[in-house]
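User: Please choose one part of this model and look at it closely, then set the rest of what can be said beside it. I am new to this structure, so give the cut-off for each term when it comes up.

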Amino acid sequence: MIEVVRNAFKVEEIRKKLLFTLLMIVVFRIGTHVPVPGINTEIIRELSSGQLLGFFDVISGGAFKNFSVFAMSITPYVNASIIMQLLTVVIPKLEEMNKDADGRKKIASISRYLTVVLAFVQAIGISMGFRTAYLSYTWGNVAIVSLSLTAGTAFLMWMGEQINDRGIGNGISILIFAGIVSRLPFGLISIFEYISVDLTRIFVGVVMLIVAILLVMSVVMLNEGQRRVPVQYAKRIVGRKIIGGQNTHIPLRVNQAGVLPIIFAMTILMFPGQIASWFPNNAGAVNVSNFFDPGKVWYQGVYALLIVFFTFFYSAITLNVIQIADDLKKYGGFIPGLRPGRPTSDHLARISNRITMAGAIFLAFIATVPTLLMQFTSLQLALGSTSLLIVVGVVLDSVKQLESQLMMRNYQGFLK
């Protein structure tokens, strides 16, 4: 690994990309400590103690509880991208635009404008929701806070695109990754304090370390797992050239939906408890908060079922087996033993459903294990299931990009 890093820094272009990415991360971390004017951050920390806002704080790398200009992080851009992806499936005009490079650029431009709109709406909601945290609650201060939060999100979106163009990895994912990893030292300190109080807890710490390693290995397997469906192309004569005749495959990913099913399921279950936490003196709100306690067995069961449901839902949207079968037929490809068209799409649908079910169950298992461990050991893990999936996915994607650039220059990379 040291040799790979040394080779990467030998190449001037890669070195500049790595240093630029690191610079953007440093700017991001500095921005998480730039407070929004006119706000008492101590009150924000008390109000954001709920699970849902705590999750937002993890994604933002602590910027939410600090109520900095980056408090909303890049979540409006993620939401805008998801909305545009769903609209691309249901609106024929957008579907046609998505098939060529110019159309994808237009969709990306629409996503940017939608991000600003969503960020401003979300900023207004946050500004008015935390009215008790204002040093002086006036409409002018609400406007300043809303514009500051919106500008912070727009700046992060610009930083992410700059990383895409001039750095290594996906810019938006890198910023989320930096925010999550920034909490890792505090998690390690809490584990050390947990063990130092009672040395008999060393065994628990060792078991937790082993489980953490196994979870990371499981997440890597889940992210990289795929079913390769063999495809053969018939030979065609175009002019004086013979095209086709090669054997290839269609890679169907086990975890086609990524981390989104966990985020959707978590948001739905956390939202009632978060609303109830804003009314601590109300008996009904207290009952709702106790009912939606993550430590309860039923909660984890419903959580797992929602993850399975959203995994199938999102996979069905993103993987269009009919389109794949039509493309194979159009370019003279076929799956050995199957006729082009409907039989091919049915076969791909059956395979997709099987591996999606396996991936969904595995994803639900990974999502519930950290919570159960924290419940039984009273130890706060540095990375939850969602954070772990994001971190591992970003690392693998960035390593692959670095790998490809090193291989282009005849250097051996991380992967063998």
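Analyst: The part chosen is helix H2, and the account then goes on to a cavity, a loop and some places further along the chain.

The model is predicted, so local features need pLDDT of at least 70 and side-chain atom pairs count only at pLDDT 80 or more, while totals for chains, interfaces and linings use all residues. Residues are numbered from 1 along each chain as its sequence is written, and side-chain values use heavy atoms, with hydrogens and water left out.

Helix H2 covers residues 12–31. Helices here are DSSP runs (H or I, at least four residues), numbered from the N terminus. Two salt bridges can be placed in H2. A salt bridge is a side-chain nitrogen of Lys or Arg within 4 Å of a carboxyl oxygen of Asp or Glu.

One of them joins Lys-16 to Glu-12, with 3.3 Å between the closest N and O atoms. These two residues sit four apart in H2, which is about one turn of the helix. Three words describe how far a residue is covered: buried is under 20% relative accessible area, exposed is over 50%, and partly exposed is in between (1.4 Å probe, protein chains only). Lys-16 is exposed because its relative accessibility is 52%, whereas Glu-12 is partly exposed at 45%.

The other bridge in H2 links Glu-13 and Lys-17, at 3.7 Å from N to O. Here too the partners are four residues apart, about one turn of the helix. Glu-13 is partly exposed, because its relative accessibility is 41%. Lys-17, with a relative accessible area of 17%, is buried.

H2 also contributes to a nonpolar patch on the surface. A patch of this kind takes residues with over 30% relative accessible area and no salt bridge, and joins nonpolar side chains (Val, Leu, Ile, Met, Phe, Trp, Tyr) within 5 Å. The patch is formed by Val-5, Phe-9, Leu-19, Leu-22, Val-26, Ile-30 and Val-34, which together have about 580 Å² of accessible area. Helix H1 (2–10) and helix H2 are the elements that give two or more residues to it. H2 supplies the largest share, four residues. Val-26 is a patch member that lies in H2. This residue is partly exposed, because its relative accessible area is 40%. Accessible areas come from the Shrake-Rupley method with a 1.4 Å probe, and for residues the protein chains shown are what counts as cover.

The structure holds four salt bridges. Away from H2, one of them joins the side chains of Arg-342 and Asp-346, at 3.2 Å from N to O. Both residues belong to helix H17 (residues 342–377), where they are four apart, about one turn of the helix. Arg-342 is exposed at 62% relative accessible area, and Asp-346 is partly exposed at 30%.

Next comes the interior. On a 1 Å grid over the protein atoms alone, a cavity is a set of points where a 1.4 Å probe fits but cannot get out, and lining residues have an atom within 4 Å of a point. The search of the whole structure finds one cavity of 30 Å³ or more, and the largest cavity has a volume of about 50 Å³. Its lining consists of Phe-56, Ser-60, Phe-64, Ala-71, Met-72, Ser-73, Thr-75, Gln-122 and Ile-126. Five of these residues are nonpolar, four are polar and none is charged.

Ser-73, which lines this cavity, lies in the loop between H5 and H6. Most residues other than glycine have a negative phi. Ser-73 has a positive phi of about 55°, and it is buried, because its relative accessible area is 4%. Phe-67 also has a positive phi, near 50°. Phe-67 is in the loop between helix H5 (63–66) and helix H6 (75–90), and it is buried at 1% relative accessibility.

Two further residues complete the account. Ile-172 lies in helix H10 (residues 171–181) and is buried at 10% relative accessibility. Its C-alpha atom is 8.1 Å from that of Met-159, 13 residues away along the chain. Asp-327 lies in helix H16 (residues 321–330) and is partly exposed at 32%. Between the C-alpha atoms of Asp-327 and Pro-340, also 13 residues apart along the chain, the separation is 9.9 Å.

Definitions and conventions:
Patch = residues over 30% accessible without salt bridge, like charges linked within 9 Å, V, L, I, M, F, W, Y side chains within 5 Å. 1 Å grid on protein atoms, 1.4 Å probe; cavity = no way out; pocket = protein on both sides within 12 Å on 5 of 7 lines; lining within 4 Å. Points joined across faces, edges and corners; volume = space filled by probe spheres on them. Nonpolar A, V, L, I, M, F, W, Y, C, P; charged D, E, K, R; others polar.
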